[in-house]
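Colleague: Could you take me through one part of this model in some detail? I would like to hear about one helix and the pocket it helps to line.

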Amino acid sequence: MKKFIWISIFAAAALAAVLCFSGFRNGEQKDNVVRVGMDAGYPPFGSQNVDTKEYEGFDVDIINAIGEEEGFKPEIKNISFDGLIPSLNTNAIDIIINDLTVTEERKVSVDFSERYCTVGMGVVVRGDYNLINDAKDLEGKTLGVSIASTGEEAARHVKNANVKVYNAISDAFIELKNGGVDAVVNDTLTNDRYVSSQKDGSVKTTKISLNNEDLAIAVKKGNSELLKKINDGLVKIKKNGKYAQIYKKWFGVEPAAELLK
């Protein structure tokens, strides 16, 4: 009987240890590690440092700052953009933070945090290309976009446009430089970062702004506990100045006053 009791105690302890390190499952937090999904091909929001192999960017710093305030440790997982929501809904990850625009369609599949950033939808062209100066000039052109993005959605609303979809926005930019597309439709902050990194003048941004979009952090439907932690942490980093520091670090300017509310 004593042997049986000790075996039962050890078995219970082993089970507890397994549960302790199982992370968020179906909205229940089992330990302080939270699996964060992002496509690490969207600088300055998220990318992988070629030297250190560490993930870095605005989104990385934001979720790390929120985790520090709320007592959880983010674990970044690099997942293609179109696989992020399916990964969230199959419990492969707990959070999505990836320059993710809030849309009514996405609200059906995920729960969104409060807004943490706002971006415009802009256009990049080759440096010597002068045929696209306003939104109407996009009509009939070949437009490069990343798969399942709001850039793709915007491009598909352009009359007679030939929309070419790429797995990563970096592929669309490469195709632009190679002449495979006339323009790339993507968020303005990422566009600006890319153009500034190309010192040879081979690409440029246009003055076109198709719309403004709110970005938010996504969790699985019904995961109210984790969503509350994210929203509470976001409020804290806006009040204590961390948010403004991170914003200026990655975008080079102070955040607009409305982003700090």
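Modeller: Happy to! Keep in mind that this is a predicted model. Let me begin just past the end of helix α6, where G179 follows with a positive phi, near 85°. The helix itself spans residues 169–177, and its buried residues are I169, A172, F173 and L176. These four cover an arc of only 100° around the axis, which puts them on the same side of α6. The general background is familiar: an α-helix has 3.6 residues a turn, so residues three or four places apart point the same way.

Now to the pocket. The second largest pocket has a volume of about 210 Å³. Its lining has 13 residues, and those closest to its centre are P43, F173, R193, Y194 and S197. F173 is thus one of the buried residues of α6 and also among the residues closest to the centre of this pocket. Two elements, α6 and α7 (188–197), each give two or more residues to the lining. By class, the lining of this pocket divides into six nonpolar, five polar and two charged residues.

For context, the largest pocket holds about 260 Å³ of space. Of its 16 lining residues, I85, E105, R106, A148 and S149 are the closest to its centre. Helices α3 (84–89), α4 (104–107) and α5 (150–156) each supply at least two residues of that lining, which comprises seven nonpolar, four polar and five charged residues.

Note on methods
Residues are numbered from 1 along each chain as its sequence is written. This is a predicted model: local features need pLDDT of at least 70, side-chain atom pairs count only at pLDDT 80 or more; totals for chains, interfaces and linings use all residues. Side-chain values use heavy atoms; hydrogens and water are left out. Buried means under 20% relative accessible area, exposed over 50%, partly exposed in between (1.4 Å probe, protein chains only). The arc is that of the directions from the helix axis to the C-beta atoms. On a 1 Å grid over the protein atoms alone, a cavity is a set of points where a 1.4 Å probe fits but cannot get out, and a pocket is an open set with protein on both sides within 12 Å along at least five of seven lines; lining residues have an atom within 4 Å of a point. Grid points are joined across faces, edges and corners, and a volume is the space filled by probe spheres set on the points. Ala, Val, Leu, Ile, Met, Phe, Trp, Tyr, Cys and Pro count as nonpolar, Asp, Glu, Lys and Arg as charged, and the others, Gly among them, as polar.
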